[in-house]
Amino acid sequence: MSQQSDETPNGTLGGSDAPGGIRRAQPDKAEVAAVLDEIGTLLELDGGNPFEARAYQNAARALNNAEGDITEMVQSGAVAKLPGMGKTLVARITEYVTTGRLALYDELLERVPVGLRQMTRIPGLGPKRIRQIYESLGVTTLDELKAAAEAGTIAALPGFGAKSQENILKGLEFLASHQDRTLYPVAQAQAQAIAAILRELPQIVRMEVAGSVRRRKEVVGDIDIVGSVARLEDRKPVMDTLLAHPLVASVTGSGETKTSVVLRSGIALDLRLVNDDEFPYLLHHFTGSKEHNVALRGRAHAQGIKINEYGIFRSDQLIPCANEHEFYAAFGMAYVEPEMREERGEIEAALEGKLPHLVEEADLRGILHVHSNWSDGKVSIREMAEATIALGKEYLGMCDHSKYAAYAGGLDADAVRRQQAEIDALNQEFKGRLRILKGTECDILRDGALDYDDETLATFDFVVASIHSNFNLSPDDQTQRLIRAMENPYCSILGHPTGRILLRRDGYAPDLERVIARAGELGVAIELNADPNRFDLDWRWHRFATERGVRIPICPDAHTPDGLKNIHYGIGIARKGWLTASDVLNTLAVDDLLAFFAEQRQRKGA
Ligand code: DGT
Ligand code: CA
Ligand code: CA
Ligand code: ZN
């Protein structure tokens with residue numbers, strides 16, 4: 001049952017006053033852009049005018065690239081001045097920002113079968129082709145699509161064939177194994193949006209996002225929020241506020257202590273409320289991970305202590321804890337950061353007082369691996385530089401693509417010279433404020449050679465070497481290919497070592513144990529690509545790498561100024577990997593970093 005369907009079509013819930021007298025949080029730009037983009041897709045699925053659909057998608061892009069607060073942009077009229085923004089689009093954006101609802105969006109969600117939306121997550125299957133399948137075969141669900149593909153009827157459609165049919169089946173299999181999982185930033189933003197509203201309620205004493213979001217997992221199953229109230233009867237108005245929130249699509253369970261809803265994005269959310277005395281235990285329990293909790297419970301049992309979500313008890317006597325620090329202290333343990341609660345040795349380390357001091361965002365002195373409009377980035381080097389200064393960082397390592405990556409506008413040797421001249425000039429101008437480093441994201445060719453000759457490679461301050469082609473070599477060949485690339489005297493950093501795209505593809509499956517061990521011997525760094533679609537090197541390998549002396553830069557791989565914020569997500573993953581400031585390469589000051597790169601070359605005999 002859908003909550004919103006009980007409302008008038010324009011949604012009386014959309015008014016700015018939610019129950020409890022709390023004003024709804026203003027949507028942020030990313031949320032508005034996401035809705036516009038979704039409308040574009042829905043219009044196409046609905047068989048609408050493709051130009052109209054494109055207009056919504058372009059508007060979404062324009063919003064994402066624009067600077068500034070969306071509410072202010074609407075009020076000042078700045079929205080209308082963005083590229084491609086017509087009158088209708090401005091009206092839609094205004095409607096959404098001011099009311100929290102968009103009638104067109106609601107209509108489309110109602111009309112377009114959910115299954116068609118799910119099909120857009122199948123790699124290589126766009127809205128146009130989904131529409132074609134729907135119109136010719138009447139297929140509306142993933143199961144029906146699977147049956148049609150297995151029966152061979154997809155292959156017979158004009159423009160499809162056996163290969164696309166096979167790809168659809170593969171895609172369906174992949175979807176099935178990743179169903180109901182969401183990328184961290186999406187889940188985190190929605191969790192924060194809702195927690196922020198509820199936290200302002202007068203009834204709430206404490207409130208935290210718990211679960212895998214708090215542990216900063218790269219993909220998230222559902223959102224868990226826990227809170228406390230002064231009196232148990234205060235829970236109802238809080239639950240009611242959640243139920244009335246515009247992001248909530250339907251209710252799956254509603255009780256005194258727990259309410260479960262599904263958000264419009266499809267993400268499920270559980271809210272639990274207790275008396276404030278019980279809050280630390282509740283927070284700890286629902287932060288997890290389950291594995292961490294189970295291991296901790298085992299330890300506690302041996303010490304004669306019982307743990308559950310309501311408390312910790314020694315012979316049925318509650319051990320009082322004001323917060324999680326006291327919770328861990330009750331077991332003679334140091335406080336374990338949520339990111340580390342994955343039962344990977346953190347309990348033993350906490351008992352021995354040997355937990356690492358995890359890296360923090362402020363430790364990063366500079367930024368490495370960003371793109372500019374010299375290749376497939378969206379803005380100039382100058383704009384990326386200014387955004388880096390605004391973040392308070394001291395250096396920026398430019399890494400546009402190399403010539404083999406023609407699809408991404410990769411630079412030939414001549415363009416490299418011209419770009420480096422521009423960087424020299426900018427460095428004069430920015431002296432004392434920022435140092436721009438000459439780098440490249442150099443393609444690793446099929447045989448493991450790098451995409452520039454030594455003469456060109458020598459002109460860079462540092463070289464990130466990455467694979468963007470020939471994904472289907474055998475894992476063993478990919479391993480050899482990566483190792484050969486790292487052996488190149490000019491290779492400083494291995495880029496996104498597995499090529500995975502979270503929830504979409506697994507990557508080229510190299511033998512990471514061999515790749516990392518070889519990187520350690522060669523002194524080559526391996527990036528943590530902090531694009532939330534990648535988070536590659538996976539955090540589960542970080543300690544293996546640092547134990548072999550491999551330094552790990554946290555790299556945003558940004559294509560826009562906004563993309564620089566990927567380092568924030570990267571920090572979360574690095575902390576899951578137990579990385580300290582000294583494990584992370586871009587915590588070095590610029591002179592030390594350049595010395596590091598020079599030493600790498602010397603060691604490999606460049
Ligand atoms: P997710 O949602 O799949 O990304 O991962 P979590 O860790 O958020 O898992 P979820 O939402 O099922 O439960 C939240 C936390 O609650 C979990 O990390 C630990 C705790 N929890 C849930 N079920 C159990 C259980 O059966 N045993 C124990 N010990 N803890 C549990
Ligand atoms: Ca969860
Ligand atoms: Ca949950
Ligand atoms: Zn790349």
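Glu441 is buried, at 1% relative accessibility, where buried means under 20% relative accessible area, exposed over 50% and partly exposed in between (1.4 Å probe, protein chains only). This is a predicted model, in which local features need pLDDT of at least 70, side-chain atom pairs count only at pLDDT 80 or more, and totals for chains, interfaces and linings use all residues. Residues are numbered from 1 along each chain as its sequence is written, chains are lettered from A and ligands numbered from 1 in the order in which they are written, and side-chain values use heavy atoms, with hydrogens and water left out.

**Zinc site**
- Glu441 (OE) joins His468 (NE2) and His496 (NE2) as the protein donors of the zinc ion (ligand 4), 2.0 to 2.3 Å from it; donors are N, O and S atoms within 2.8 Å of the metal (3.2 Å for Na, K and Ca), and sites may look incomplete because water is not among the atoms.
- Along the sequence, these zinc donors show the spacing E-x26-H-x27-H.
- Glu441 sits in strand 15 (residues 435–443) and His496 in the loop between strand 17 (493–494) and helix 21 (512–522), so distant parts of the chain, 55 residues apart, are linked; helices (H or I, at least four residues) and strands (E, at least two) are DSSP runs numbered from the N terminus.
- His496 is buried too, with a relative accessible area of 1%.

**Calcium site**
- The calcium ion (ligand 3) is coordinated at 2.3 to 2.8 Å by OD atoms of Asp222, Asp224 and Asp270, with Asp222 listed twice.
- Asp222 also bridges to the calcium ion (ligand 2), which lies 3.7 Å from the calcium ion (ligand 3).
- Asp222 is partly exposed at 24% relative accessible area, whereas Asp270 is buried at 11%.
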